[in-house]
Amino acid sequence: MKNTFHINTKVLGVIGHPIKHTYSPFIHNITIEFKNLDYVYLPFDVPTSNLRTALKGMVALGIKGFNVTLPHKENIIQYMNNVSEEASIIGSVNTVVNELGKLSGYNTDVYGILETLMPHKEDIMGGEVSIVGAGGAARAVIYTMIRYFKPSRIYLVNRTEQRAESLKNYFKDKMKYDSFKTKELFPPDLVDVFKKSKLIVNATSVGMFPDSDDTITTLADSFSKGQVVFDLVYNPPQTHLLKLAASKGAIALDGLKMLVHQAAKSFELWTGEEMPTERIYKSLQLFIKD
Ligand code: NAP
């Protein structure tokens, strides 16, 4: 990364708490370097109690834009001057653009999910879909499914079924979609649900480094040829779950592509520039291995 900054250097960043595990500074700073742009991207550790003050500071300092990560994605919406349609429906903002002191909130996870799934649209369209997990990431997956893939049914599967129920009611209300069924994660009949799903998404943190050998055992018995399996976990890029899916002939899609493409959309919103996504994907794979 260059180390000569001056008054015209534009500042981008990410706010969250804690913030040390994010790959966003790596992704954006190597993009800035590849494209020889006069920007820098910095991580800012902002506890919840400081969110409002931090946003005032961002505006006062003329920070051009920033990503938002846990725990601020939902809470930040109240401080936005504008919110995009998808961020408003999902109820979560991961990208903020500062235009002359007016803050606009977006959810670019949707673009990361679309870039990953669209090449397999024919395999997924109109079929049954299983989504495991009921957190923030699952919300973006549900929105993308209903909006772009018209599933005949969505199974919402979660360790805590009550959380899946709340999500079902939320999207029934927001998107007028009615074909949900919720399930707890462990009963054996889940294998049948997963087997008939055209798409299975892992939107939990199960399988994430350092617990990379963990997997959802009911899922492991369910994969078949032609099925699409998408694991949102990106570290390691090839999770245990994806290796199992590929060994059964399923189409195994990793979370790293989503990570790069959601970042690419944020970068475009801030700078108007395209991110060289293939190049960044390869650099990130090497960076995560080290
Ligand atoms: P979150 O809001 O904290 O939700 C976590 C989800 O995982 C909940 O449904 C939770 O179930 C479930 N879970 C956690 N530990 C579990 C376990 N041991 N067994 C079964 N279920 C478990 O997190 P999030 O923001 O939705 O993120 C979920 C995953 O997506 C993370 O791995 C994150 O890194 C990944 N992600 C990837 C991208 C990308 O660009 N690739 C973007 C966003 C997120 P309970 O409700 O029962 O607690």
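**View 1. Leu244 sits partly exposed in this predicted model.**
With a relative accessible area of 22%, Leu244 counts as partly exposed, and the model shown here is a predicted one. Look for Leu244 in helix α10, which covers residues 240-247. Leaving aside residues up to four places away in sequence, Leu244 touches Ala220 and Phe223. Thr277 is 33 residues from Leu244 in sequence, and their C-alpha atoms are 27 Å apart in space.

**View 2. Six strands form an open sheet with mixed pairing.**
Reading across this sheet, the order is β2-β1-β3-β5-β6-β4. At the edges are β2 (39-45) and β4 (82-83), each pairing on one side only. Inside the sheet, β1 (residues 10-16) and β3 (residues 65-68) run parallel and are joined by four bridges. To find your place here, start from Leu12, which stands opposite Gly65 in β3.

**View 3. Helices α2 and α11 lie across strands of the mixed sheet.**
Helix α2 (residues 51-61) lies across β1, β2, β3, β5 (95-99) and β6 (102-106). Its direction is at about 175° to that of β1. Helix α11 (residues 255-271) also lies across β1, β2, β3, β5 and β6, and runs at about 5° to β5.

**View 4. Another open sheet has six strands in parallel pairing.**
Here the strand order is β9-β8-β7-β10-β11-β12. Strands β9 (180-184) and β12 (251-253) each have a single partner strand, so one side of each has no neighbour in the sheet. On average, neighbouring strands of this sheet are turned by 15° against each other, direction ignored. Helix α7 (residues 161-175) packs on the sheet, where it touches β8 (153-158) and β9, and its direction makes about 170° with that of β9. Four bridges pair β7 (residues 128-132) with β10 (residues 199-202) in the parallel sense. For a closer look, pick out Ile131, whose bridge partner in β10 is Val201.

**View 5. Domain 1 and domain 2 meet at a contact of 14 and 18 residues, respectively.**
The chain is divided into domain 1 (10-107 + 258-289) and domain 2 (111-253). Taken over C-alpha atoms, the domain centres are separated by 26 Å. About 1500 Å² is buried between the domains, with carbon and sulfur atoms giving 68% of that area. Three residues to look for are Ile89, Ile90 and Met258, which supply 40% of the area that domain 1 buries against domain 2, more than any other three residues. One salt bridge is counted between the two domains.

**View 6. Lys35 and Glu273 form one of the nine salt bridges in the structure.**
The closest N and O atoms of Lys35 and Glu273 are 3.5 Å apart. Lys35 belongs to helix α1 (residues 24-35) and Glu273 to the loop between α11 and α12 (277-289), so this pair ties together parts 238 residues apart in sequence. Lys35 is partly exposed at 29% relative accessibility, and Glu273 is partly exposed at 28%.

**View 7. Salt bridges occur in buried and exposed settings.**
In one pair, the side chains of Asp109 and Lys73 meet at 3.6 Å, N to O. Asp109 lies in helix α4 (residues 109-117) and Lys73 in the loop between β3 and β4, which places the two 36 residues apart. Both Asp109 and Lys73 are buried. Lys176 and Asp173 form another salt bridge, with their closest N and O atoms 3.9 Å apart, and both of these residues are exposed.

Terms used: Residues are numbered from 1 along each chain as its sequence is written. This is a predicted model: local features need pLDDT of at least 70, side-chain atom pairs count only at pLDDT 80 or more; totals for chains, interfaces and linings use all residues. Side-chain values use heavy atoms; hydrogens and water are left out. Two strands pair if DSSP finds at least two bridges between them. Contact means heavy atoms within 4.5 Å. Axes are lines fitted to C-alpha atoms, for helices over the stretch in contact, and angles run from 0 to 180 degrees between N-to-C directions. Buried means under 20% relative accessible area, exposed over 50%, partly exposed in between (1.4 Å probe, protein chains only). Domain bounds come from an automatic or database domain assignment. Buried area is the accessible area (1.4 Å probe) that two parts lose on being put together, summed over both. A salt bridge is a side-chain nitrogen of Lys or Arg within 4 Å of a carboxyl oxygen of Asp or Glu.
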